[in-house]
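Here are a few short exercises to work through with the model open beside you. Try each task before you read its solution.

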Amino acid sequence: MHPESAQRTEQIVLLLTQHQGTLFRYIFNLVTCEADARDILQETSLALFRKFDQYDSARPFLPWAYRFAYVQVQKHREKSARGPLMFSEDIIDVLALDMERMAPELDHRLQFLEACLGKLNPQDKELVTNRYALRQNVEEMMQRLSVSRRTLFRNLELLRLRLHDCVTRQLQAEGLL
């Protein structure tokens, strides 16, 4: 492989890796199903890889990538037009613009959330991780922890409030709220 070609390949891989979460959130806000969003992310990544020679590295990557993701969402909508109820094209356009506008704030919130999760005691962090990151079944969690449904949901609600307050305080401290 030519050294310049290898360098461009490395650059796109690094950019895709760095922005994968943000691109997924953008796509997931435009479709109704997580599995569809993951498929669209893969298609978007392939399209970005194939067209990377057209990318101007002097410009921000995400706005360029959002356009590709938007096109892939539209292609998905066309393929599944006979499927379950979908958003109108006008709604998709509004959501896409909102996601582009909100992406930096969401990134800050996620960074602060990660820091706030690190402040939880191990049991609380495990509870939040199991339920929300690993999507563990409520029934399994109740049985494993030997708690009632009410207790489990109360504990999760208290943790969500603590995390929300922690993120809000950090946003305020950084002047982002």
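Helices (H or I, at least four residues) and strands (E, at least two) are DSSP runs, numbered from the N terminus. The model is predicted, so local features need pLDDT of at least 70 and side-chain atom pairs pLDDT 80 or more, while totals for chains, interfaces and linings use all residues. Residues are numbered from 1 along each chain as its sequence is written, and side-chain values use heavy atoms, without hydrogens and water.

**Exercise 1.** Place His19 and decide: is His19 buried or exposed?

*Solution.* Start with the helix: His19 belongs to α1, residues 3–28. Next, recall the cut-offs: buried is under 20% relative accessible area, exposed over 50%, partly exposed in between (1.4 Å probe, protein chains only). His19 has 15% relative accessibility and therefore counts as buried. Finally, with neighbours within four places in sequence left aside, His19 contacts Phe61 and Leu62 (contact means heavy atoms within 4.5 Å). Phe61 and Leu62 are among the buried residues of α3.

**Exercise 2.** Describe how α2 and α3 pack.

*Solution.* First, the geometry: α2 (residues 34–50) and α3 (residues 61–79) meet at about 125 degrees, their axes 9 Å apart. Axes are lines fitted to C-alpha atoms, for helices over the stretch in contact, and angles run from 0 to 180 degrees between N-to-C directions. The pair is therefore oblique: angles under 35 degrees are roughly parallel, over 145 roughly antiparallel, 65 to 115 roughly perpendicular and the rest oblique. Then list the partners: α2 contributes residues including Ile40 and Leu48, and α3 residues including Trp64 and Phe68.
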